[in-house]
Amino acid sequence: MRRLITVLLVLVMAPICAATPDTSSAPLKVDNDKVMRWNVFANDLLRLHSWQIEQHKVVVQERVGGYAEQPKFYLEKSYHRDGGSEVYSRVQWERESPQTLHSIEVNIFDANGRIMRDYYARYLPIYRNAPIQTLINLHAHQNGLHAFRQFDANGEHIYEQ
């Protein structure tokens, strides 16, 4: 039985392994259009964040965070609705370079305090030519149900639930 399972695994995996291209010598190419678009997206989020906190009374909470090798890499500021639980935005700035954005998350709520849209962009701690991740989530609420679709800044559909 064990031999049969091994043979089946080899038969299933062989086409996958054979079809895997050898990328060890392929040079990395930069998609300048994507770099520009994703940086514009992150900058637009900063502008949306600034506009939104000017429109509302907010309470700011700060914390320092980071990674295993850099546990104090960023200063995170969360902007909460004064008297409420909604987080309008969360912005992380590099501590060694306080004007350098690390990540930003901006949430948009409806009149009932339900999230309608949320946006996110995050840079790597190094190699900062563009955000490594951009997310746009569109939310819908109906009869107690919550659905959303997720896209990146290129408009590529990523996930829905």
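**Exercise 1. Determine what share of the 161 residues of the protein counts as buried, and describe the overall make-up of the chain.**

Solution. Of the 161 residues in this protein, 30% count as buried. The model under study is a predicted one. Next, the secondary structure comprises two helices and eight strands, and their order from the N terminus is α-α-β-β-β-β-β-β-β-β. The accessible surface is about 11,400 Å², and carbon and sulfur atoms account for 55% of that area. Finally, considering contacts between residues at least 6 apart in sequence, 30% link residues at least 24 apart.

**Exercise 2. Identify the residues with the most contacts inside the largest nonpolar core, and the elements that give two or more residues to it.**

Solution. The largest nonpolar core contains 15 residues. Those with the most contacts inside this core are Phe41, Leu45, Leu101, Ile104, Tyr119 and Ala121. Helix 2 (32-55), strand 4 (101-109) and strand 5 each give two or more residues to this core. Isoleucine 104 serves as a worked case: with neighbours within four places in sequence set aside, isoleucine 104 touches Leu45, Leu46, His49, Arg90, Val91, Tyr119, Tyr120 and Ala121. As background, nonpolar side chains in soluble globular proteins tend to be buried together.

**Exercise 3. Establish how strand 3 is paired with strand 2 and with strand 4, and whether strand 3 is enclosed or open.**

Solution. Begin with strand 2 (residues 74-81), which pairs with strand 3 in the antiparallel sense over seven bridges. Within this pairing, histidine 80 has valine 87 of strand 3 as its bridge partner. The two strands form a hairpin with five residues between them, and glycine 83 in the turn has a positive phi of about 85°.

Turn next to strand 4, which runs antiparallel to strand 3 and is joined to it by five bridges. Here serine 89 lies opposite valine 106 of strand 4, and the hairpin connection from strand 3 to strand 4 passes through six residues.

The last step concerns burial: six of the eight residues of strand 3 (residues 87-94) are buried, so strand 3 is largely enclosed by the rest of the structure.

**Exercise 4. Decide whether isoleucine 126 is buried or exposed, and place it in its surroundings.**

Solution. First, locate the residue: isoleucine 126 sits in the loop between strand 5 (115-122) and strand 6 (133-142). Second, apply the cut-off: a residue is exposed when its relative accessible area is over 50%. Isoleucine 126 has 52% relative accessibility and therefore counts as exposed. Third, examine the surface: Leu124, Ile126, Tyr127 and Ile132 form a nonpolar patch there, with about 430 Å² of accessible area together.

Conventions
Residues are numbered from 1 along each chain as its sequence is written. This is a predicted model: local features need pLDDT of at least 70, side-chain atom pairs count only at pLDDT 80 or more; totals for chains, interfaces and linings use all residues. Side-chain values use heavy atoms; hydrogens and water are left out. Patches are made of residues with over 30% relative accessible area and no salt bridge: like charges are joined within 9 Å, nonpolar side chains (Val, Leu, Ile, Met, Phe, Trp, Tyr) within 5 Å. Accessible areas come from the Shrake-Rupley method with a 1.4 Å probe; for residues, only the protein chains shown count as cover. A salt bridge is a side-chain nitrogen of Lys or Arg within 4 Å of a carboxyl oxygen of Asp or Glu. Helices (H or I, at least four residues) and strands (E, at least two) are DSSP runs, numbered from the N terminus. Buried means under 20% relative accessible area, exposed over 50%, partly exposed in between (1.4 Å probe, protein chains only). Contact means heavy atoms within 4.5 Å. A nonpolar core is a set of buried Ala, Val, Leu, Ile, Met, Phe, Trp, Tyr and Cys residues joined through side-chain atoms within 4.5 Å. Two strands pair if DSSP finds at least two bridges between them.
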